[in-house]
Amino acid sequence: MSQKHPVIAVTGSSGAGTTTVKVAFEHIFRQEGINPAVIEGDSYHRYDRAAMKQAMAAAEETGNRNFSHFGPEANLFDKLAETFKTYSETGSCERRYYLHSEEEAEPFGQKPGEFTPWETIPPGTDLLFYEGLHGGAVDGSTNVAQYVDLLIGVVPIVNLEWIQKIHRDTAERGYSPEAVTDTILRRMNDYVNYITPQFSRAHVNFQRVPTVDTSNPFIARDIPTPDESFIVIRFRDHNGADFPFLLNMIHDSFMSRPNTIVVPGGKMGFAMELILTPMIHDMMAKKRAA
């Protein structure tokens with residue numbers, strides 16, 4: 001944990017909606033004049049796209065049908081922990097990018113599915129911001145979570161998560177519904193062992209709960225809209241939020257437990273900024289005093 005060089009991590013499964021929280025942080029950083037060093041979770045995969053296909057095929061030949069991007073075998077947990085630790089101590093670290101598409105790859109003169117070379121983040125940034133699968137991961141002696149000053153979990157109920165993933169991967173990435181379903185099944189073991197435990201370590205969890213029928217996510221024709229949802233927001237420390245203020249500011253919100261507030265889904269972005277801005281203020285005040 002570092003006051004001088006804080007680390008923020010937003011973590012969630014594929015299709016969870018971590019981008020929404022990332023956008024909220026971007027708004028706060030811009031409004032507060034904060035210069036973050038940004039790293040992406042996909043850049044800590046162990047294999048590029050071609051090598052991952054080979055590794056999956058090799059795992060299947062040995063009877064391992066659970067090899068996935070969610071588990072330690074396909075990721076560099078140790079490198080991620082080292083990155084967080086180094087930044088917290090020095091204010092600098094190494095990073096690279098995973099190039100998802102032709103558009104992302106073109107400026108680097110590389111192919112989609114490849115990594116850029118590692119580069120050193122220059123000093124002078126205010127904090128490190130991570131968004132990806134494993135910001136709060138723990139595996140044996142490797143503990144990524146211990147270096148995170150603010151860990152945010154994004155975890156819709158699982159059927160909604162699957163609906164979002166199926167629609168995204170079929171519409172944006174060209175996969176068939178059958179291929180996406182196969183991926184979900186293959187990842188399930190690692191999902192249970194390496195994704196969900198992170199949410200018990202998070203300082204704040206944002207969980208989207210639909211108010212429409214999502215009982216069979218594999219035949220859902222559309223994604224429930226924000227207005228067809230509630231957001232359940234759980235604080236690990238119930239003293240970590242000004243609940244009377246939030247209840248007054250967010251119309252139709254209510255407390256479901258002493259550390260949990262529920263807000264209408266259409267007000268998720270507004271609620272995030274109300275909750276996260278004071279946390280960033282406190283973090284930056286401690287940084288200035290360090």
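In the predicted model, Lys 165 is buried, its relative accessible area being 5%. The side chain of Lys 165 meets that of Asp 169 in a salt bridge, with an N to O distance of 2.6 Å. Asp 169 likewise counts as buried, at 4% relative accessibility, because the cut-off for a buried residue lies at under 20%. Both Lys 165 and Asp 169 belong to helix α5, which spans residues 158-171, and the four residues that set them apart correspond to about one turn of the helix.

Salt bridges elsewhere in the model include a network in which Glu 60, Arg 65, Asp 182 and Arg 186 are joined through shared partners. A search of the whole structure finds ten salt bridges. Within the network, the side chains of Asp 182 and Arg 65 meet at 3.2 Å, N to O. This pair links distant parts of the chain, since Asp 182 is located in helix α6 (residues 177-195), whereas Arg 65 is located in the loop between α2 (49-61) and α3 (77-90), 117 residues apart. Asp 182 is partly exposed, with a relative accessible area of 30%, and Arg 65 is also partly exposed, with a value of 40%. A further salt bridge, again with an N to O distance of 3.2 Å, is formed by the side chains of Glu 119 and Arg 95. Here too the pair links distant parts of the chain, with Glu 119 in strand β4 (residues 119-120) and Arg 95 in strand β3 (residues 94-95), 24 residues apart. The two partners fall into separate accessibility classes: Glu 119 is partly exposed at a relative accessible area of 36%, while Arg 95, at 17% relative accessibility, counts as buried, because a residue is placed in the buried class when its relative accessible area is under 20%.

The strands considered next form an open sheet of eight members with mixed pairing, arranged in the order β2-β5-β1-β8-β9-β10-β12-β11. Strands β2 (36-40) and β11 (254-257) stand at the edges, and each has a single partner strand, so one side of each is left without a neighbour in the sheet. On average, and with direction ignored, neighbouring strands of this sheet are turned by 20° against each other. Helix α1 (residues 18-32) packs on the sheet and touches β1 (7-11), β2, β5 (127-132) and β8 (150-154), the direction of the helix making about 160° with that of β5.

Within the sheet, strand β9 (residues 204-210) and strand β10 (residues 229-235) pair in the antiparallel sense over seven bridges, and the bridge partner of Gln 207 in β10 is Val 232. At the β11 edge of the sheet, three bridges join β11 to strand β12 (residues 260-264), the two strands running antiparallel. The bridge partner of Phe 254 in β12 is Val 262, and β11 and β12 form a hairpin with two residues between them.

The loop between α8 (243-249) and β11 contains Asp 252. The phi angle of Asp 252 is near 70°, a positive value in a residue other than glycine. Most residues other than glycine have a negative phi. On the surface of the model, Phe 245, Met 249 and Phe 270 make a nonpolar patch of about 270 Å². Phe 270 is placed in helix α9, which covers residues 268-289, and is partly exposed, with a relative accessible area of 40%; Phe 270 is therefore above the 30% relative accessible area that membership of a patch requires.

In the loop between β2 and α2 lies Arg 46, a partly exposed residue with a relative accessible area of 38%. When residues up to four places away in sequence are not counted, Arg 46 touches Pro 72, Glu 73, Ala 74, Asn 75 and Leu 76. The C-alpha atoms of Arg 46 and Pro 224 are separated by 34 Å, the two residues being 178 residues apart along the chain.

Conventions:
Residues numbered from 1 in each chain as written. Predicted model: local features only at pLDDT ≥ 70, side-chain atom pairs only at ≥ 80, totals over all residues. Heavy atoms only, no water. Patch = residues over 30% accessible without salt bridge, like charges linked within 9 Å, V, L, I, M, F, W, Y side chains within 5 Å. Areas by Shrake-Rupley, 256 points an atom, 1.4 Å probe, with all protein chains shown as cover. Salt bridge = Lys/Arg side-chain N within 4 Å of Asp/Glu carboxyl O. Buried < 20%, exposed > 50% of the residue type's maximum accessible area, 1.4 Å probe, protein only. Pairing = 2+ DSSP bridges. Axes fitted to C-alpha atoms, helices over the stretch in contact; angles between N-to-C directions. Contact = heavy atoms within 4.5 Å.
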